[in-house]
Amino acid sequence: MSAEAWDMNIDKIRLAEVTKDTGRHSQNIEACQEIERLSRTMEARRHRIHVGIVGAKPEDHVSADGLVKIRDVRVDELAALMKWTPEWARRQVNISRVLVVRLPDILNRLEAGEISAYNAVIIAEGLQDLFSKTREDIHNTAAGVELADRYTSLVGQRAGQKSASEMKRAVRKAVVSLAPLPADELHELACLNRRVDMSLAAD
């Protein structure tokens, strides 16, 4: 075999290896994307199951003698079942309740894989903050319906394309627009979102 023919065979082998690696790489990317989509669907279902276990709103337990009152008793049961701390269980349940009861559109989009699980949490916690600032009871489904709808319309736009930091900024902006802050807090928020870019001037 001539040197030229040998070199051509070596080039063919290398090209085959590159093609094989490229195909495997593409398969891995597709598999990763599918896993992410499925994880979002499962996360949405987990939120629904949480609410199925603990209920849509807190249910207190009072002892027969009236001396002992356990706040939202089913959350403690969930914490014990999942081996979670009570604090972590309460946070998870609050997020699940907000998504299921107050933000069904966001939850449906999470289940469809359109929104990341973390962005859904950011949106849910933003609504909790909004209700706290407006002194609305987030568990009272007869109140705050219009407020929740307005909030959803503000933060839901392009939520699937936003990074976590972009989503947090959109949520802060929505909360401020729906529950205006005092002047000093508005100034502090403006400073937080301010960015200064520097570049070298040409000689």
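# Exercises on a helical chain

Leaving out neighbours within four places in sequence, V175 is in contact (heavy atoms within 4.5 Å) with G126, D129, L130, K133 and Y151. Before you start: this is a predicted model, in which local features need pLDDT of at least 70 and side-chain atom pairs count only at pLDDT 80 or more, while totals for chains, interfaces and linings use all residues. Residues are numbered from 1 along each chain as its sequence is written, and side-chain values use heavy atoms, with hydrogens and water left out.

**Exercise 1.** Work out where V175 sits and whether V175 is buried or exposed.

Solution. Start with the element: V175 belongs to helix α7, residues 164-178. Helices here are DSSP runs of H or I with at least four residues, strands are runs of E with at least two, and both are numbered from the N terminus. Next, accessibility: V175 counts as buried because its relative accessibility is 4%. The cut-offs are under 20% relative accessible area for buried, over 50% for exposed and partly exposed in between, with a 1.4 Å probe and protein chains only. Last, check a C-alpha distance: V175 and Q128 are 47 residues apart along the chain, and their C-alpha atoms are separated by 9.8 Å.

**Exercise 2.** Put together the overall layout of the chain.

Solution. Count the elements, and you get eight helices and two strands. Read from the N terminus on, their order is α-β-β-α-α-α-α-α-α-α. Then look at burial: 31% of the 203 residues count as buried. Now the contacts: among those with a separation of 6 or more, 60% come from residues 24 or more positions apart. Finish with the surface, which comes to about 13,700 Å² accessible, 55% of it belonging to carbon and sulfur atoms. Those areas come from the Shrake-Rupley method with a 1.4 Å probe; for residues, only the protein chains shown count as cover.

**Exercise 3.** Find out what the side chain of buried R102 reaches, given that R102 has no salt bridge.

Solution. First place R102: helix α3, residues 86-102. A salt bridge would need a side-chain nitrogen of Lys or Arg within 4 Å of a carboxyl oxygen of Asp or Glu. The nearest side chain of opposite charge is E136, 6.5 Å away. (Lys and Arg count as positive, Asp and Glu as negative; His and the chain ends are not counted.) Now try backbone oxygens: a polar atom of the R102 side chain lies 2.8 Å from that of A143, and the side chain also reaches that of D137 at 3.4 Å. Contacts of R102 beyond four places in sequence include L127, F131, I138 and A148.

**Exercise 4.** Trace the partners of D72.

Solution. D72 is in the loop between β2 (69-70) and α2, and counts as buried because its relative accessible area is 4%. Its side chain makes a polar contact with the side chain of R97 at 2.7 Å. That term takes a pair of N or O atoms within 3.5 Å; within protein, one must be able to donate a hydrogen and the other to accept it, and residues adjacent in sequence count only if both atoms are side-chain atoms. The D72 side chain also reaches the backbone nitrogen of E59 at 3.5 Å. Residues up to four places away aside, D72 touches P58, E59, D60, R90 and R97.

**Exercise 5.** Pick salt bridges from the whole structure and say which elements they join.

Solution. The search finds eleven. One of them pairs R48 with E111 (2.8 Å, N to O). This pair links helix α1 to helix α4 (residues 104-111), 63 residues apart. Another joins R91 and E125, with closest N and O atoms 2.7 Å apart. Here helix α3 is linked to helix α5 (residues 117-133) across 34 residues. Finally, shared partners join R45, R48 and E111 into one network.

**Exercise 6.** Which residues outside glycine take a positive phi near K83's and R158's places, and are they buried or exposed?

Solution. K83, in the loop between α2 and α3, has phi near 60°. K83 counts as exposed because its relative accessibility is 72%. R158, in the loop between α6 (145-155) and α7, has phi near 55°. R158 counts as exposed too, because its relative accessibility is 56%.
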